[in-house]
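I am opening my notebook on this structure, and I want to begin with what surrounds the ligand before I turn to the strands.

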Amino acid sequence: MAGEPQADCVFCKIVSGDIPATVVRRTDRTLTFRDINPQAPTHLLVIPRVHHPNAAELAAAEPGIAAELLVEAGAAAGDDGLESYRLIFNTGADAGQTVFHAHVHVLGGEPLTEGLV
Ligand code: 5GP
Ligand code: ZN
């Protein structure tokens with residue numbers, strides 16, 4: 001059921017503490033931790049504690065939590081001393097989504113010149 005923990009979900013296991021992560025920020029509704037395979041000097045993931053398969057479905061079901069992901073992304077970037085950063089929401093396997101628990105990537109710490117947009 002939407003919002004319920006999923007037994008096969010790596011991010012639900014990070015929320016429950018079953019898988020360790022380098023957590024940098026916590027709120028009642030979100031968790032922010034460092035990506036295990038960083039693509040930039042700062043590479044963080046901000047996730048809702050509740051399970052939704054992607055950002056759009058999270059926003060439809062829990063708009064307040066979706067907004068909080070963005071607030072926490074900005075705060076976490078600030079904690080790392082970043083004025084500039086990039087947020088990425090991959091949705092679907094063809095877009096590169098590999099973990100089907102909503103999350104936003106926070107990337108920065110070097111000039112980010114590559115990209116589609
Ligand atoms: P996606 O490709 O789904 O947008 O992003 C998933 C991200 O989760 C990837 O960048 C990947 O490196 C990261 N990731 C996958 N498993 C783990 C894990 O167990 N711990 C952490 N910290 N990051 C993970
Ligand atoms: Zn999950």
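**Ligand 1 and its surroundings**

I first looked up polar contacts, and found a polar backbone atom of Val99 at 2.9 Å from an oxygen atom of ligand 1; a polar contact here is a pair of N or O atoms within 3.5 Å. The protein covers 83% of the 520 Å² of accessible area that ligand 1 has on its own, with areas taken from the Shrake-Rupley method with a 1.4 Å probe.

I note that this is a predicted model, in which local features need pLDDT of at least 70 and side-chain atom pairs count only at pLDDT 80 or more, while totals for chains, interfaces and linings use all residues. Residues are numbered from 1 along each chain as its sequence is written, chains are lettered from A and ligands numbered from 1 in the order in which they are written, and side-chain values use heavy atoms, with hydrogens and water left out.

I then added two further contacts of ligand 1: a polar side-chain atom of Asn90 lies 2.9 Å from an oxygen atom of the ligand, and a backbone N or O atom of Ile36 lies 3.3 Å from a nitrogen atom of ligand 1.

Which residues are closest to ligand 1? I found Asp35, Gly96, Thr98, His103 and His105 to be the closest of the 16 residues that surround ligand 1, where a residue counts as near if one of its heavy atoms lies within 4 Å.

**Strands**

I looked up the hairpin last, and saw that 3 residues join strand 1 to strand 2, strands being DSSP runs of E with at least two residues.

Notes:
Two strands pair if DSSP finds at least two bridges between them. Helices (H or I, at least four residues) and strands (E, at least two) are DSSP runs, numbered from the N terminus. A polar contact is a pair of N or O atoms within 3.5 Å; within protein, one must be able to donate a hydrogen and the other to accept it, and residues adjacent in sequence count only if both atoms are side-chain atoms.
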